[in-house]
Amino acid sequence: MKSFDLREVLAVACAIYRSNGNKVVKFNEDKIPTSKDVIAAHFIKGELVEVTDADRASGEEVLNNIQHRSLMMQIANRKQGSFVDNVTQILQADKVPANRLGFVVWAPKIAESIRLEDQQKLDLAQLALTSNYIGAVGDKITVNFTPIRNRFSREYNCYRCFGHDDHGNLIGFLSKKELTGKIVGRVKTQEVSKYNSGGKVTYINYVKEAK
């Protein structure tokens, strides 16, 4: 089976990711070829993708970010998802087999997710230093909400929304949809959260968009 230079594959993957508006095309959206098909056509059929110096630099950054995250996860004795682990394992070798090209095409997306997650942690750590409680338990409050992370919970069939107000005070709540901007709710609890860098967090319920 043919195999290809890892760094060249990453450069092409970054070029494809860039040309698709920084996303991986999974299906034939509006007759656009999937990212997997494009990278395979480049290396196997000779239907070349235009690769810039910036794409090659991005490829190096992607490789460094994913390998660094893998090392940190190992040190912390934490596990990655199986798909991310598969991609990470492929990036450990100097060559990429032809039947693994479709995995590498996801590497730019994975690296971008790592970067965003790291930035969220940094933002949260800074906010946690100065966050104060909003109102008191039972109070109805109106705030301008800026999300840090919104994660869908299958357990509750809704989003766990977490962010801050205009004064940097941390806020958490459950919602059927992702919310941002002006919201109204009632203070449910207030606590110093060990899960959020030790910041003071105001948790609210009965949350809805403010009119």
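# Close-up views of a predicted model

**View 1. Leu127 in helix 6.** Leu127 lies in helix 6. In this predicted model, Leu127 has a relative accessible area of 15% and is therefore buried, the limit for that class being under 20%. Once neighbours within four places in sequence are set aside, the contacts of Leu127 are Ile148, His164, Gly168 and Leu170. Leu127 and Ile110 are 17 residues apart along the chain, and their C-alpha atoms are separated by 26 Å.

**View 2. Gln120 and its contacts with Ile148 and Arg149.** Gln120 also belongs to helix 6. With a relative accessible area of 26%, Gln120 is partly exposed. Not counting residues up to four places away in sequence, Gln120 touches Ile148 and Arg149. Between the C-alpha atoms of Gln120 and Ile148 the separation is 6.3 Å, although the two residues are 28 residues apart along the chain. Ile148 is likewise among the contacts of Leu127.

**View 3. The largest pocket.** The volume of the largest pocket is about 480 Å³. Its lining consists of 17 residues, and Arg160, Gly172, Phe173, Leu174 and Tyr203 lie nearest the centre. Two or more lining residues come from each of strand 3 (140-153), strand 4 (158-164), strand 5 (170-175), strand 6 (181-193) and strand 7 (199-209). Strand 6 gives the most, with four residues. By class, the lining of the largest pocket holds seven nonpolar, five polar and five charged residues.

**View 4. The second largest pocket.** A volume of about 350 Å³ is found for the second largest pocket. It is lined by 15 residues, with Arg69, Met73, Ile114, Glu117 and Lys121 closest to its centre. The elements that give two or more residues to this lining are helix 3 (53-75) and helix 6 (107-128). Helix 6 supplies the largest share, six residues. The lining of the second largest pocket divides into six nonpolar, four polar and five charged residues.

**View 5. The largest nonpolar core and a second, separate core.** Nonpolar side chains tend to be buried together in soluble globular proteins. In the model, the largest nonpolar core has 28 residues, and Val9, Leu10, Ile39, Ile66 and Leu91 have the most contacts inside it. Helix 1 (6-19), helix 2 (35-45), helix 3, helix 4 (82-90), helix 5 (101-104) and helix 6 each give two or more residues to this core. The most, nine residues, come from helix 1. For Leu10, the contacts beyond four places in sequence are Gly59, Val62, Leu63, Leu91, Val104 and Ala107. A second core, separate from this one, has 12 residues, including Ile141, Val143, Phe173 and Ile204. Phe173 is also one of the residues nearest the centre of the largest pocket.

**View 6. Thr34 in the loop between helix 1 and helix 2.** Thr34 is placed in the loop that lies between helix 1 and helix 2. Its relative accessibility is 8%, so Thr34 counts as buried. Leaving out residues up to four places away in sequence, Thr34 touches Val25, Lys26, Phe27 and Asn28.

**View 7. Asn77 and Ser197, two loop residues with positive phi.** Most residues other than glycine have a negative phi. Asn77, which is not a glycine, has a positive phi of about 55°. This residue lies in the loop between helix 3 and helix 4, and at 71% relative accessibility Asn77 counts as exposed. Ser197 is also a residue other than glycine with a positive phi, near 60°. The loop between strand 6 and strand 7 holds Ser197. With a relative accessible area of 44%, Ser197 is partly exposed.

**View 8. Confidence along the chain.** The protein averages a pLDDT of 94, and 100% of the residues score at least 70. Among its elements, helix 1 has the highest mean pLDDT, 98, and helix 6 the lowest, 93. Helix 1 is the element that gives the most to the largest nonpolar core, whereas helix 6 carries both Gln120 and Leu127.

Methods
Residues are numbered from 1 along each chain as its sequence is written. This is a predicted model: local features need pLDDT of at least 70, side-chain atom pairs count only at pLDDT 80 or more; totals for chains, interfaces and linings use all residues. Side-chain values use heavy atoms; hydrogens and water are left out. On a 1 Å grid over the protein atoms alone, a cavity is a set of points where a 1.4 Å probe fits but cannot get out, and a pocket is an open set with protein on both sides within 12 Å along at least five of seven lines; lining residues have an atom within 4 Å of a point. Grid points are joined across faces, edges and corners, and a volume is the space filled by probe spheres set on the points. Ala, Val, Leu, Ile, Met, Phe, Trp, Tyr, Cys and Pro count as nonpolar, Asp, Glu, Lys and Arg as charged, and the others, Gly among them, as polar. A nonpolar core is a set of buried Ala, Val, Leu, Ile, Met, Phe, Trp, Tyr and Cys residues joined through side-chain atoms within 4.5 Å. Buried means under 20% relative accessible area, exposed over 50%, partly exposed in between (1.4 Å probe, protein chains only). Contact means heavy atoms within 4.5 Å. pLDDT is the predictor's confidence in each residue, from 0 to 100.
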